[in-house]
Amino acid sequence: MTATRDRLVEEYLRRLDRALRDLPRDRRREIVQEIEEHIDQALSELGSPSEAEVRGLIDRMGDPEDIAAEARASLDLRPRRAGGLEIAALVLLAVGGLIVPFLGWVVGVVLLWVSPAWTWWEKLVGTLFTPGGLSAAFAVGVLGIGLALPAGAGALLFAFLLVAPVASVAFLAWRLRRAEPVAG
Amino acid sequence: MQHMVVSQDKLLAQMRRGTLEYCVLALLREEERYGFDLVRALAEVDGMLTTEGTIYPLLTRLRREGLVSSSWRESPNGPPRRYYRLTPKGERALAGFVEEWQRFRGAVDRILQGRRER
């Protein structure tokens with residue numbers, strides 16, 4: 001019976017941990033720990049609880065999603081859903097300049113700054129790396145636009161202009177997955 | 001069960017949403033308590049607590065808002081426990097709520113009474 005009860009509790013705590021996955025790590029650990037201790041204490045008060053009692057206790061603790069929702073509210077987390085706006089911003093930042101020269105990228109920048117999903121400095125990174133997105137690499141590499149650079153430096157610049165926009169868009173996408181407490 | 005415009009569950013949830021945190025504050029008015037203890041006290045009131053687990057994030061929020069503070073105490077058998085107590089800000093918030101609640105409850109009672117007399 002103890003084995004079953006442990007298994008049920010483990011399973012619940014695992015579900016809880018998963019539901020809290022977008023919270024900051026220490027917050028997530030703290031909640032799971034508090035609830036684990038609560039369950040432990042409740043079980044020890046019951047003495048040798050039956051499986052039904054254990055299930056009842058876990059039910060009373062509540063749906064992990066509800067707890068996670070309350071936890072997010074308690075931390076005043078900014079919503080980090082990747083909505084259409086965010087996806088459009090990321091796509092246009094990368095390749096918008098290739099579709100409509102320069103302007104396509106500018107629209108991406110506008111969407112980036114309009115979206116509530118990123119912090120101020122994340123948006124700055126997304127804007128500065130790299131103006132024009134991939135179209136800058138295109139301009140330099142394919143059209144050879146206005147740069148009298150020695151071949152080595154030119155290649156280096158081209159490589160940078162290729163990698164930087166991809167890296168910064170990947171960075172922004174990664175930041176979307178992690179909800180964080182709002183500082184301001 | 002008589003017909004209700006909103007299902008009873010939803011109704012309770014709505015009423016609970018506004019008042020639960022103040023009930024927690026009120027429970028801390030007399031003495032400092034730890035999480036499990038608070039849950040137990042709330043669970044005794046019918047309908048007050050459907051999801052016991054949500055008390056813990058709630059307590060964190062109250063701590064963050066400066067309405068309660070916490071400290072660790074050794075417990076007789078087991079890991080140290082986190083005890084919560086009201087801060088002066090929490091006392092003021094609770095006093096404000098009590099006033100509002102009594103006023104609100106009086107108003108609702110009057111309206112409900114009015115319908116019956118007619």
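**Notebook: one serine, chain B, and the A–B interface**

I started in chain A and found Ser168(A) in helix α9, which covers residues 151-176 of that chain. The model I am reading is a predicted one.

Is Ser168(A) buried or exposed? I looked up its relative accessible area, which is 6%. Ser168(A) counts as buried because this value is under the 20% cut-off.

Next I asked which residues Ser168(A) is in contact with, leaving aside neighbours within four places in sequence. I noted Val125(A), Gly126(A), Phe129(A) and Thr130(A).

I then turned to chain B. I noted 4 helices and 3 strands there. Going along the sequence of chain B, I wrote down the order α-β-α-α-β-β-α.

Chain B has 118 residues, and I noted that 37% of them count as buried. For the accessible surface of chain B I have about 7,900 Å². Carbon and sulfur atoms hold 52% of that surface.

I also looked at how far apart in sequence the contacting residues of chain B lie. Among contacts with a separation of 6 or more, 47% join residues 24 or more positions apart.

My next entry is on the interface. How many residues of each chain are in contact with the other chain? I noted 21 residues of chain A and 21 residues of chain B.

The size of an interface is often given as the accessible area lost when the parts come together. For chain A and chain B I recorded about 1,700 Å² buried between them. Carbon and sulfur atoms account for 53% of this buried area.

I went on to the polar side of the interface. The rule finds 6 salt bridges across the interface of chain A and chain B. One of the salt bridges I looked up joins Arg61(B) to Glu70(A), with 3.8 Å between the closest N and O atoms. For polar contacts across the interface I have 8 residue pairs, with both residues at pLDDT 80 or more.

Which elements of chain A give two or more residues to the side that touches chain B? I listed α2 (25-46), α3 (51-61) and α4 (64-75) of chain A. The most comes from α2(A), which gives 9 residues to this side.

Last, I sorted the residues on the side of chain A that touches chain B by kind. I have 10 charged, 7 nonpolar and 4 polar residues there.

Note on methods:
Residues numbered from 1 in each chain as written. Chains lettered and ligands numbered in written order. Predicted model: local features only at pLDDT ≥ 70, side-chain atom pairs only at ≥ 80, totals over all residues. Heavy atoms only, no water. Buried < 20%, exposed > 50% of the residue type's maximum accessible area, 1.4 Å probe, protein only. Contact = heavy atoms within 4.5 Å. Areas by Shrake-Rupley, 256 points an atom, 1.4 Å probe, with all protein chains shown as cover. Buried area = accessible area lost by both parts, 1.4 Å probe. Salt bridge = Lys/Arg side-chain N within 4 Å of Asp/Glu carboxyl O. Polar contact = N/O pair within 3.5 Å; in protein donor to acceptor, adjacent residues only side chain to side chain. Nonpolar A, V, L, I, M, F, W, Y, C, P; charged D, E, K, R; others polar.
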